[in-house]
Amino acid sequence: MDSPASDDGSGFDAHAVERKWQQRWEQADPFKAGGPEDTRPRKYVLAMFPYPSGDLHMGHAENYLYSDIVARFWRHRGYNVLNPIGWDSFGLPAENAAIKRGADPREWTYDNIAQQKAGFRAYGVSFDWNRVLHTSDPDYYQWNQWLFQRLHERGLAYRKDAAVNWDPVDQTVLANEQVLPDGTSERSGAVVVKKKLEQWYFKITDYADRLLDDLNQLEGRWPQKVIRMQRNWIGRSVGADIDFEIEGHPGKVTVFSTRPDTLHGATFFVVAPESELAAQLAAGASADVRQRFSDYVESVGRQTEIERQSTDRPKTGVFLERYAVNPANGERLPVWAADYVLADYGHGA
């Protein structure tokens, strides 16, 4: 981010001008937010914290230009503006980068932070440099730990086995959004595989109704598309649980339906191919079906959940040579394993 000195014979020294204003800004501290005694109306501007993976680039310049414009706008309107800066410096990327370079992860991370901090100062972004944090500092992440303990004590943090997107290079679980359309990881470029692991979960479903209903308070204040995305993400469905018996299988299998009134017209029964139920049912099938089921599960593991639920894709599946009994009329329904049913959505059937 250095500015080249002029060589047009005018004697203009860009570096000297930059140093002059850097010193003035450091002395005046013009972007420091006022404290409790400041009676001006307040505004809080928060940009996403950068990850210290190296020096700043033009993507940083673009992103922090936008937030800087907002902060400066409200300052000029007479507001007491808090515009802090921090670094998202904790987690696997630092560990993997250190392993790759044979370096200490702390040293590598904090050297990058120092480099980026100097770049931001040269760029002149109006951050309040009295309010800086690093998520890798113990005095920051102790509160993450404290919050997790409170959630765990109240039964809102729990473990369960689940099929996850596994990056074999970064050795970590990926969100669906981190898996590219070609099935590779946006982080490492490796082919993502489905793997069943014991995972920690937060039971945010306990708050689903409240989260959904409170979106009404944002009408007229947030963009409609954002509110709609949130409603669809929460995805409240109203319906009924229906218990089925499967011939030769102990116990009952529950299916959730938003249209239980259509049960009389059911013609087949579908289970998620990666579910334990599907594996149990396939185990009693012929050798040919077991092989086709195994191949099918492997192919499904290369698909994202978004792809599996796309309405544009043709429906595929494997008949498991088993039958479920329709509780409404006693009819036998062929049981299939099909990719458009997800093990973690509803009851997986």
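## Pro260 and its surroundings

Leaving aside the neighbours within four places in sequence, Pro260 is in contact with Ala240 and Ile242. Pro260 itself sits in the loop between S9 and S10, in a model that is predicted. The C-alpha atoms of Pro260 and Gly239 lie 7.1 Å apart in space, although the two residues are 21 residues apart in sequence.

Is Pro260 buried, partly exposed or exposed? Its relative accessibility is 36%, and because partly exposed covers what lies between the limits of 20% and 50%, Pro260 counts as partly exposed.

## The nonpolar cores

The largest nonpolar core of the model has 23 residues, and those with the most contacts inside it are Phe244, Phe269, Val271, Phe293, Leu320 and Val335. Several elements each supply at least two residues of this core: the strands are S8 (240-246), S9 (252-257), S10 (269-271), S11 (317-325) and S12 (332-338), and the helices are H8 (276-283) and H9 (287-300). A second core, separate from this one, has 11 residues, including Tyr110, Phe120, Val125 and Phe127.

Which residues does Val271 touch, when those up to four places away in sequence are not counted? They are Leu277, Ala278, Leu320, Val335, Trp336, Ala337, Ala338, Val341, Gly348 and Ala349.

## How helix H3 meets helix H4

Two packed helices are described by the angle between their axes and by the distance between those axes. For helix H3 (residues 92-101) and helix H4 (residues 105-123), the axes come within 9 Å and cross at roughly 110 degrees. Because angles of 65 to 115 degrees count as roughly perpendicular, H3 is roughly perpendicular to H4.

On the H3 side of this contact are Ala94, Ala97, Ala98 and Arg101, which meet Pro105, Trp108 and Thr109 in H4. Sorted by character, the residues of the contact comprise five nonpolar, one polar and one charged.

## The two sides of helix H3

Which residues of H3 are buried? They are Ala94, Ala97 and Ala98, and seen down the axis of H3 the buried residues fall within an arc of 100 degrees, so they line one face of the helix. Helix H4 is included in what covers the buried residues of H3.

On the other side of H3, by contrast, Ile99 and Lys100 are exposed. Just after the helix comes Gly102, which takes a positive phi of about 65 degrees.

Definitions and conventions. Residues numbered from 1 in each chain as written. Predicted model: local features only at pLDDT ≥ 70, side-chain atom pairs only at ≥ 80, totals over all residues. Heavy atoms only, no water. Core = buried A, V, L, I, M, F, W, Y, C linked by side-chain atoms within 4.5 Å. Buried < 20%, exposed > 50% of the residue type's maximum accessible area, 1.4 Å probe, protein only. Helix = DSSP H or I, 4+ residues; strand = E, 2+ residues; numbered from the N terminus. Contact = heavy atoms within 4.5 Å. Axes fitted to C-alpha atoms, helices over the stretch in contact; angles between N-to-C directions. Parallel < 35°, antiparallel > 145°, perpendicular 65-115°, else oblique. Nonpolar A, V, L, I, M, F, W, Y, C, P; charged D, E, K, R; others polar. Arc of directions from axis to C-beta.
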